[in-house]
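Here are a few short exercises to work through with the model open beside you. Try each task before reading its solution.

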Amino acid sequence: MKEVIIATQNSGKAKEFEHIFNRYNIQVKSLLDLGDVTEIEENGETFEENALIKAREIAKKYKKLVIADDSGLEVDALNKRPGVYSARYAGEDRDDAKNIDKVLTELEGIEEKNRSARFVCALALVTENGEEYVVRGECEGQILTHRQGNEGFGYDPIFYLPSIQKTMAEIPKSEKNVLSHRADAFKKLENVLMDLM
């Protein structure tokens with residue numbers, strides 16, 4: 001069975017990737033599985049740059065096929081913030097609740113029609129031989145004024161999908177894995193990945 005390392009210590013992300021890869025009979029290992037607590041400085045200015053920084057570092061360390069993602073929320077009324085700072089928007093402690101509170105506070109008084117946003121995911125794949133591929137996936141939505149739903153992680157409870165009239169936190173994982181920014185990015189990476197397999 002082919003093995004892919006997902007360069008993340010985020011258990012929510014790792015589970016999403018595992019679910020996606022299951023149908024290809026590909027074994028997924030995250031940095032959590034490897035007991036790797038390496039802190040990689042993500043100093044890129046874009047999601048794509050940060051994903052590549054992570055993938056290169058881990059591929060170099062383990063000499064295996066590595067996929068890294070950098071993802072986050074872009075809110076149009078906030079000039080696309082939090083952007084690449086999504087995970088630490090309210091401070092360095094990566095607190096989802098505080099991050100959500102900060103976004104909601106900054107959007108106070110903004111009308112629903114002006115609360116457009118998108119989840120963005122850049123996926124970088126680096127092979128054992130150092131070949132690099134990067135794709136970008138997006139999922140359009142709106143930011144609510146309050147939380148709704150108990151599924152998902154990150155900004156999911158305030159990210160509303162008008163097409164299904166639910167937040168990301170109100171849909172099951174199986175549905176999220178079809179609609180999400182990560183799913184969109186993965187579809188674009190799929191052909192590359194299948195060739196490499």
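**Exercise 1.** Describe how helix α1 and helix α5 pack in this predicted model.

*Solution.* Two packed helices are described by the angle between their axes and the distance between the axes. Start with the two elements: α1 covers residues 11-22 and α5 covers residues 181-196. Their axes come within 12 Å and cross at roughly 50°. Angles under 35 degrees would count as roughly parallel and 65 to 115 as roughly perpendicular, so α1 is oblique to α5. The handedness of the crossing is right-handed.

**Exercise 2.** Which residues make the contact between α1 and α5, and how do they divide by class?

*Solution.* From α1, take K13, E16, F17, I20 and F21. From α5, add R182, F186 and L193. Sorting them by class gives five nonpolar and three charged residues, with no polar ones.

**Exercise 3.** Find the ring that the charged end of K102 sits over.

*Solution.* Look at Y89: the charged end of K102 lies over its ring, 4.3 Å from the ring centre. While you are looking at rings, note that the structure holds one aromatic pair.

**Exercise 4.** Inspect the backbone at N79 and at the bond between R81 and P82.

*Solution.* Begin with the background: most residues other than glycine have a negative phi, and most peptide bonds are trans. N79, not a glycine, has a positive phi of about 55°. You will find N79 in the loop between β3 (66-75) and β4. Next, check omega for the peptide bond joining R81 and P82: about 0°, a cis bond. P82 belongs to strand β4, residues 81-82.

Note on methods:
Residues are numbered from 1 along each chain as its sequence is written. This is a predicted model: local features need pLDDT of at least 70, side-chain atom pairs count only at pLDDT 80 or more; totals for chains, interfaces and linings use all residues. Side-chain values use heavy atoms; hydrogens and water are left out. Axes are lines fitted to C-alpha atoms, for helices over the stretch in contact, and angles run from 0 to 180 degrees between N-to-C directions. Helices (H or I, at least four residues) and strands (E, at least two) are DSSP runs, numbered from the N terminus. Angles under 35 degrees count as roughly parallel, over 145 as roughly antiparallel, 65 to 115 as roughly perpendicular and the rest as oblique. A crossing is left-handed if the near helix is turned anticlockwise from the far one by less than a right angle, and right-handed if clockwise. Contact means heavy atoms within 4.5 Å. Ala, Val, Leu, Ile, Met, Phe, Trp, Tyr, Cys and Pro count as nonpolar, Asp, Glu, Lys and Arg as charged, and the others, Gly among them, as polar. Rings of Phe, Tyr and Trp (its six-membered ring) pair if their centres lie within 6.5 Å; planes under 30 degrees apart count as stacked, over 60 as edge-to-face and the rest as tilted. A charge sits over a ring if NZ of Lys or CZ of Arg is within 6 Å of the ring centre and within 35 degrees of the ring normal.
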